[in-house]
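Me: Could you take a close look at one part of this model for me, the last domain of the chain? I'd like to know how its strands are put together and what it touches, with the rest of the chain as background.

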Amino acid sequence: MGKYYIETFGCQMNEFDSARIAYLLDNEGYTPADKIEEADVIAINTCAVREKAKNKLYGHVGNLKSLKKSNPDLVICIGGCSAQNLKEIILKDFPFVDIIFGTHNISQLPELISRRKEINQSICEIKNNGFDYVLDNFKNTLPFKACLPISIGCDNFCSYCIVPYVRGKEISITPEEVIETAGKLVSGGVVEIILLGQNVNSYGKDLDKPVSFAELLNDIARIDGLKRIRFMTSHPKDLSLELIDVISENKNIMNHIHLPLQAGSDKILKSMNRKYTKEGYLGIIENIRAKIKECFITTDIIVGFPGEERGDFNDTLDVVKKVRFNRAFTFIFSKREGTAACSLKDNISIKDKKEWFKELLIIQNQISLEENQKIAGRNFEVLVEGEGNKGLMAGRLENNTVVNFEGDKSMAGKFVNIIVTEARSFYLEGKVLK
Ligand code: SF4
């Protein structure tokens, strides 16, 4: 059938969608290409969450024009959130694109490719909702670690976010299907599973027999041979005490929670439609710290949201200093067409936004470094993931911190004990203990 090449932008849900595309194309008889230039089918899986991702898409799709020129039979497919959101623009600006497919049309891709080969016309296939696939039909790239969605879509409509518009309303996958798929993955050699959902904490409310995320997690933790369970993303408004208990009671649920703060000011949180307050957020952190030993807490923060004033930004800094996040993913606000925040008056100059952003980074990076320094000299179990920087191997601690150490490729997928020898803001250096 020829070769395919997949390029993925954005979040882990997109990574999972790409693993589904790879599975479907393998099943059709295609084989993966090492380089984009060798491909007969190119699938670009796009992201619409950040401005940067959109710009990247534009640059990238533009570059494909020359490949199409040298190989007119090449089939270029653009999928994912940006494709769904910007279909008219892509069709108009990039007429050489063969197929535009939505996040709910992935299982149709092989059929769309066949159809495109028969007709001399671009195809645009976008469904706005629905769940149309068999959960275990995906190609896992690492034999020992896998992502597994437990729900798709989102009902929250945070005012800055495009996801509910492109991924549709939240649909939970039944616990039976999730547990069966997780069991199959473990039987096949997977030792770490990352459960995915736009908001895992609201899992199960839509099921005929409602089940909480805490209950699902507790059942998954019983799977024999499953050594590490992670999950993302947690919306603070839905994080229950029951969930905190389940994490603290199960050794194979890792001590890491990614809990997006977004802003520290109640005024801005309201305008973002986040449905929690600064005090509420700090209360959740207190509950986590009280129950989960050495829990690694990471977050997302948006700087310069419309209407944000210096006092509001100070509230964000206050939360950052009080919580002492292990890591924060920080972004300057940028408008997403079609979202509620798009029509809000943006009164802050880009200069101010950049200064606040820099200030936040300096404070957070110092906190990340200090928190990592606290564990220097201690021993940890690490799951080796593969080659890291500078010829070193890389693995993750239970709390998800990356550690680089001397070793060889045969260690990938194995657990080793290491001593942390050096702490940096975003990673550690270590030495394998014999
Ligand atoms: S919870 Fe909010 S930020 Fe997260 S995907 Fe849903 S709307 Fe977007």
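Reply: One definition before we start: two residues are in contact here if their C-beta atoms, placed from the backbone, lie within 7 Å. Keep in mind too that this is a predicted model.

The assignment splits the chain into domain 1 (3-125), domain 2 (140-254), domain 3 (289-374) and domain 4 (379-432). Your part is domain 4, residues 379-432. By the contact cut-off, seven residues of domain 2 are in contact with five residues of domain 4. On the domain 2 side of that contact there are four nonpolar residues, three charged ones and no polar ones. Centre to centre, going by C-alpha atoms, domain 2 and domain 4 sit 26 Å apart.

Now for the strands. Five of them close into a barrel, and going round it you meet β15-β16-β17-β19-β18, with mixed pairing. On average, neighbouring strands in this sheet are turned by 55° against each other if you ignore direction.

Let's walk round from β15, which covers residues 379-387. On one side, β15 runs antiparallel to β18 (residues 415-423), and five bridges join the two. If you want a spot to click on, Val382 stands opposite Val416 in β18. On the other side, β15 is joined by four bridges to β16 (residues 393-396), again antiparallel. Here Glu387 stands opposite Met393 in β16. β15 and β16 make a hairpin with five residues between them, and Lys390 in the turn has a positive phi of about 50°. Carry on from β16 and you reach β17 (residues 402-405), an antiparallel partner over four bridges. Ala394 has Asn404 in β17 as its bridge partner.

For background, look at the sheet at the other end of the chain. Six strands form an open sheet there, ordered β2-β1-β3-β4-β5-β6, and the pairing is parallel. β2 (31-32) and β6 (123-125) are the edge strands with a single partner each, so one side of each has no neighbour in the sheet. Inside the sheet, β1 (residues 3-8) pairs with β3 (residues 41-46) in the parallel sense over five bridges. Tyr4, for one, has Val41 in β3 as its bridge partner. Helices pack on this sheet as well: α5 (residues 109-118) touches β3, β4 (75-79), β5 (99-101) and β6, and its direction makes about 160° with that of β5. Helix α1 (residues 12-27) lies across β1, β2 and β3, running at about 175° to β1.

Between those two regions there's a helix pair worth a look. α11 (residues 278-291) and α12 (residues 310-323) pack at about 10°, with 11 Å between their axes. That angle is why α11 counts as roughly parallel to α12. Lys278, Tyr281, Leu282 and Ile285 in α11 meet Asp315, Val319, Lys322 and Val323 in α12. By class, that contact has five nonpolar and three charged residues, with no polar ones.

Last, the ligand. Around it are Cys154, Asn156, Phe157, Cys158, Cys161, Val163, Pro164, Gln198, Asn199 and His235. That shell has six nonpolar residues, four polar and no charged ones.

Terms used. Residues numbered from 1 in each chain as written. Predicted model: local features only at pLDDT ≥ 70, side-chain atom pairs only at ≥ 80, totals over all residues. Near = placed C-beta within 6 Å. Nonpolar A, V, L, I, M, F, W, Y, C, P; charged D, E, K, R; others polar. Domains from an automatic or database assignment. Axes fitted to C-alpha atoms, helices over the stretch in contact; angles between N-to-C directions. Parallel < 35°, antiparallel > 145°, perpendicular 65-115°, else oblique. Pairing = 2+ DSSP bridges.
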